[in-house]
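Subject: Structure handover, with notes on pockets, cavities and helix packing

Dear colleague,

I am passing on the structure below, together with some notes on what was found in it. Please read the notes with the model open beside you.

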Amino acid sequence: MTLLPALCREIARASGSPFVLKDRRGAAGGCINETAVLQGQDGRSFFVKLNRPDLVHMFAAEAEGLLALRAPGAIRVPEPLCHGVIEGRSYLVMEHVPLGGPSRTARFGEQLAALHRHAAPRFGWHRDNTIGSTPQINTWCDDWVTFYREHRLGFQIRRAAEAGGGRAGLIDAVARLMEGLPALFQGYRPTASVLHGDLWSGNHDTDREGRPVIFDPAVYYGDREADVAMTELFGGCGPEFYAAYGAAWPLDPGYRVRRDLYNLYHLLNHFNLFGGGYAGQSERVARRLLAEVG
């Protein structure tokens, strides 16, 4: 197998130090990529993601996203080392952070609020990336409502319609919601915060010292409520996390309604990826939001 020696050479080149492989073991890394931990004879270890060569752009965007999240110094984020295509595979090599357990802590809430205070003058990002395996459009926009309508809800519902898998009721409900979107933002002007973008429970943890760690991002600058909402979609982070986040940077009272709006994007993405019951769940959420729009 020539892939492992080639990876070791790339690690040596990028790190500036020879890397002699001692052990390779599989690692949990979701359903999109092949993942492994490479441990060297010098004690260093790296987390590696592999995929098809045409998906190298996905890894390039992820590496830039990790750097964007690391820049404020608010929370631990694995450091990317190198990415590219070798031996017919695209790859991303990053720092390996041994994980210690769930990050449903007050410390995580405080650090996420600190991360969100790192802001940009506009919404979006300098490049597109992916949410799971779905393209995510991040074209800069001065207006958050316009950005969210066009590049989040609009993009997902167009994919559903074009694929022929969208239900008429779902498409109609989301289309009407998009028209009434400004009503959910009356009196609220969000900051363009740096966001993780895909902050479900599988993408945050703690290291062996108990420090919160975030990884597998879908970075862009947007309303911080979108990150907080995502933590509630598949399990939640516990009362200590939310109390600490709110103490560090209180959420607007309208968050309880907009939480469903932001999670609708992820539900639609799951429908486009996996189908099944996500269509009905998405439609129910959209119709509940329509009742708020009036």
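The second largest pocket of this predicted model holds about 180 Å³ of space. Its lining includes a run of neighbours in the numbering, namely Asp-142, Asp-143, Trp-144 and Val-145, and it is completed by Phe-123, Pro-182, Phe-185, Tyr-188, Arg-189 and Pro-190. Taken by residue class, the lining of this second largest pocket has 7 nonpolar and 3 charged residues, with no polar ones.

Turning to enclosed space, the count comes to 2 cavities of 30 Å³ or more, and about 70 Å³ of space lies in the largest cavity. The residues that line the largest cavity are Tyr-148, Arg-152, Leu-195, Gly-197, Asp-198, Tyr-220, Ala-226, Asp-227, Met-230, Tyr-262, Tyr-265 and His-266. Three elements each give two or more residues to that lining, and these are α4 (144–163), α6 (224–233) and α8 (255–274). The lining of the largest cavity divides into 7 nonpolar, 2 polar and 3 charged residues.

Which helices among these pack together, and how? α4 and α8 pack at an angle of about 25 degrees, and their axes lie 9 Å apart. Because angles under 35 degrees count as roughly parallel, α4 and α8 are roughly parallel to each other, and their crossing is left-handed. On the α4 side the contact is made by Trp-144, Tyr-148, Arg-152, Leu-153, Gln-156, Ile-157, Arg-159 and Ala-160, which meet Leu-261, Tyr-262, Leu-264, Tyr-265, Leu-268, Asn-269, Phe-271 and Asn-272 of α8. The residues of this contact between α4 and α8 comprise 11 nonpolar, 3 polar and 2 charged. Tyr-148 and Arg-152 of α4, like Tyr-262 and Tyr-265 of α8, belong to this contact and also line the largest cavity.

The other helix pair to look at is α6 with helix α7 (residues 239–248), whose axes come within 12 Å and cross at roughly 170 degrees. Since an angle over 145 degrees counts as roughly antiparallel, α6 and α7 are roughly antiparallel to each other. Arg-224, Val-228, Thr-231 and Glu-232 of α6 make the contact with Phe-241, Tyr-242 and Tyr-245 of α7, and the residues of that contact divide into 4 nonpolar, 1 polar and 2 charged.

With best wishes

Methods. Residues numbered from 1 in each chain as written. Predicted model: local features only at pLDDT ≥ 70, side-chain atom pairs only at ≥ 80, totals over all residues. Heavy atoms only, no water. 1 Å grid on protein atoms, 1.4 Å probe; cavity = no way out; pocket = protein on both sides within 12 Å on 5 of 7 lines; lining within 4 Å. Points joined across faces, edges and corners; volume = space filled by probe spheres on them. Nonpolar A, V, L, I, M, F, W, Y, C, P; charged D, E, K, R; others polar. Helix = DSSP H or I, 4+ residues; strand = E, 2+ residues; numbered from the N terminus. Axes fitted to C-alpha atoms, helices over the stretch in contact; angles between N-to-C directions. Parallel < 35°, antiparallel > 145°, perpendicular 65-115°, else oblique. Left-handed = near helix turned anticlockwise from the far one by under 90°. Contact = heavy atoms within 4.5 Å.
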